[in-house]
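Student: I have a structure to read and some terms to test. Can we go through them one at a time?

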Amino acid sequence: MSQPFLPFTRPAIDEATIAAVGEVLRSGWITSGPKVKEFEAQLSAMFGGRPVRALSSATGGMEIALSMIGVQAGDEVITTPLSWVATANVVLRAGAKPVFVDCDPRTRNIDLERIEAAITPRTRALFPVDLAGLPVDRDRLYEIARKHKLRVIEDAAQSMGASWGGKPIGSIGDLVSISFHANKNITSCEGGCLVLNNEDEARQCELWRLQGAVRRGDSWEGMDVTLPGGKHNMTDIAACIGLGQLKALKTFNERRAVLARRYFERFDRTLGCELPLADFEHSNWHMFQILLPEWAARGPFIANLRAAGIGCGVHYPAMHLFSLFRELGHRVGEFPHAERIGRATVSLPLFPAMQDGDVDRVCAAIGPALAAASTQRATA
Ligand SMILES: *Cc1c(COP(=O)(O)O)cnc(C)c1O
């Protein structure tokens, strides 16, 4: 009767990749080397030949992108309150101000039609997020960016393998930051990449990636440092895992879509939950997020599912309500859509190794977990 615990996500690393990591360890070259170059070349091929630089995290990639654009104190960057907090943190660390724009409740991404009202003479960039791997409308986004002559940093951390206009995210647009964190659609344990517009930008990115150090010519006297770069290089071990995962990306994402379809088919629509937008054209189904009905208490609901052997996640509370942002003047009621979604969202289990029966099991457990969650709130 008792089934193994079903986590909300789990990476799938094959034996060939594990063996390849052993080879890298034995090779004597364990930090950035030939595997990183190979990983970058394969990513670039996937992104239509655009230059790609591998990094130790997508957060690092977004920091680099802000540095490359020259975002600094006094500047504003327009983004969404519904993201992993990295998106706004990097803007603050650059000394600039994240300007939040509320979400479109249909996509749960930044409401593109509200962006223009938030643009000021200090706006330096648009910084949209593809929540759950559902891409922001790239046609409308770049129409706005072109009209106002703004750079775009795509926080495409969750969008690996998602597409727009039949092309993979990363192959179009301005600066695109993708994550290979353990929970993303493919992983390098920790890691990410930044897709750039040209070789000149790629060289700039390399400087920001590793201490701004350059070596001119072969001489030991040829070393110079031209800008205060950070420490964001990817290791060959991580790149080797990324290479193994990249081979499986298509299979992984196809499997995710099959599981997502099953959620739509099996989910009891009478429970009052809001399902995500059923966009099988663009999304990579990084997550399957339901919104609980207003009367249900999320904590008890998640605890009840956990007791039934099912893990879930919360991605994410609206970030302007975190202490850091409240101290900057943000308050409840500012972004009603983001706040409602942030309060009600629950990420259900979705990962490639899941069985069809696991989806059925989750769907069967939701009704009872919800019923128990309402009782618990009423008596709390
Ligand atoms: C995962 C994630 C990041 C950060 O990626 P790291 O590789 O962990 O730095 C940023 N933004 C979003 C939306 C993410 O999901």
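Student: Which residues come nearest to the ligand?
Tutor: This is a predicted model. In it, 16 residues surround the ligand, and Thr59, Asp155, Gln158, Ser179 and Lys184 come nearest.

Student: What makes threonine 59 a polar contact of the ligand?
Tutor: Set the value against the cut-off. A polar contact is a pair of N or O atoms within 3.5 Å. A polar side-chain atom of threonine 59 lies 2.5 Å from an oxygen atom of the ligand, so the pair qualifies.

Student: What is the distance for aspartate 155, and for alanine 58?
Tutor: An N or O atom in the side chain of aspartate 155 is 2.8 Å from a nitrogen atom of the ligand. Alanine 58 uses a backbone N or O atom, 2.9 Å from a ligand oxygen. Both values are within 3.5 Å, so both count as polar contacts.

Student: How much of the ligand does the protein cover?
Tutor: On its own, the ligand has 380 Å² of accessible area, and the protein covers 94% of that.

Student: Which element gives the largest share of the shell, and what kinds of residue make up the shell?
Tutor: Helix H3, residues 58–69, gives the largest share, with 3 residues. By kind, the shell has 6 nonpolar, 8 polar and 2 charged residues.

Student: Now the sheet. What is its strand order?
Tutor: The order is E1-E9-E8-E5-E4-E2-E3. These 7 strands form an open sheet with mixed pairing.

Student: Why are E1 and E3 called edge strands?
Tutor: Count partners. Strand E1 (52–55) and strand E3 (97–100) each have a single partner strand, so one side of each has no neighbour in the sheet. From one strand to the next, the twist averages 25 degrees.

Student: How do you know that E1 and E9 pair?
Tutor: Pairing needs at least two bridges. E1 and strand E9 (residues 192–195) have 4, in the antiparallel sense, so they pair. Arginine 53, for instance, has leucine 194 in E9 as its bridge partner.

Student: Which strands does helix H7 lie across?
Tutor: Helix H7 (residues 199–209) lies across E1, E5, strand E8 (175–179) and E9. It runs at about 15 degrees to E1.

Student: What is unusual to look for in the loops?
Tutor: Look at histidine 315 and tyrosine 316: a cis peptide bond joins them, with omega about 15 degrees. Tyrosine 316 is in the loop between helix H9 (298–307) and helix H10 (323–326). Then find alanine 132, in the loop between E4 and helix H6 (138–147). Alanine 132 is not a glycine, yet its phi is positive, about 65 degrees.

Definitions and conventions:
Residues are numbered from 1 along each chain as its sequence is written. This is a predicted model: local features need pLDDT of at least 70, side-chain atom pairs count only at pLDDT 80 or more; totals for chains, interfaces and linings use all residues. Side-chain values use heavy atoms; hydrogens and water are left out. A residue is near a molecule or strand if one of its heavy atoms lies within 4 Å of it. A polar contact is a pair of N or O atoms within 3.5 Å; within protein, one must be able to donate a hydrogen and the other to accept it, and residues adjacent in sequence count only if both atoms are side-chain atoms. Accessible areas come from the Shrake-Rupley method with a 1.4 Å probe; for residues, only the protein chains shown count as cover. Helices (H or I, at least four residues) and strands (E, at least two) are DSSP runs, numbered from the N terminus. Ala, Val, Leu, Ile, Met, Phe, Trp, Tyr, Cys and Pro count as nonpolar, Asp, Glu, Lys and Arg as charged, and the others, Gly among them, as polar. Axes are lines fitted to C-alpha atoms, for helices over the stretch in contact, and angles run from 0 to 180 degrees between N-to-C directions. Contact means heavy atoms within 4.5 Å.
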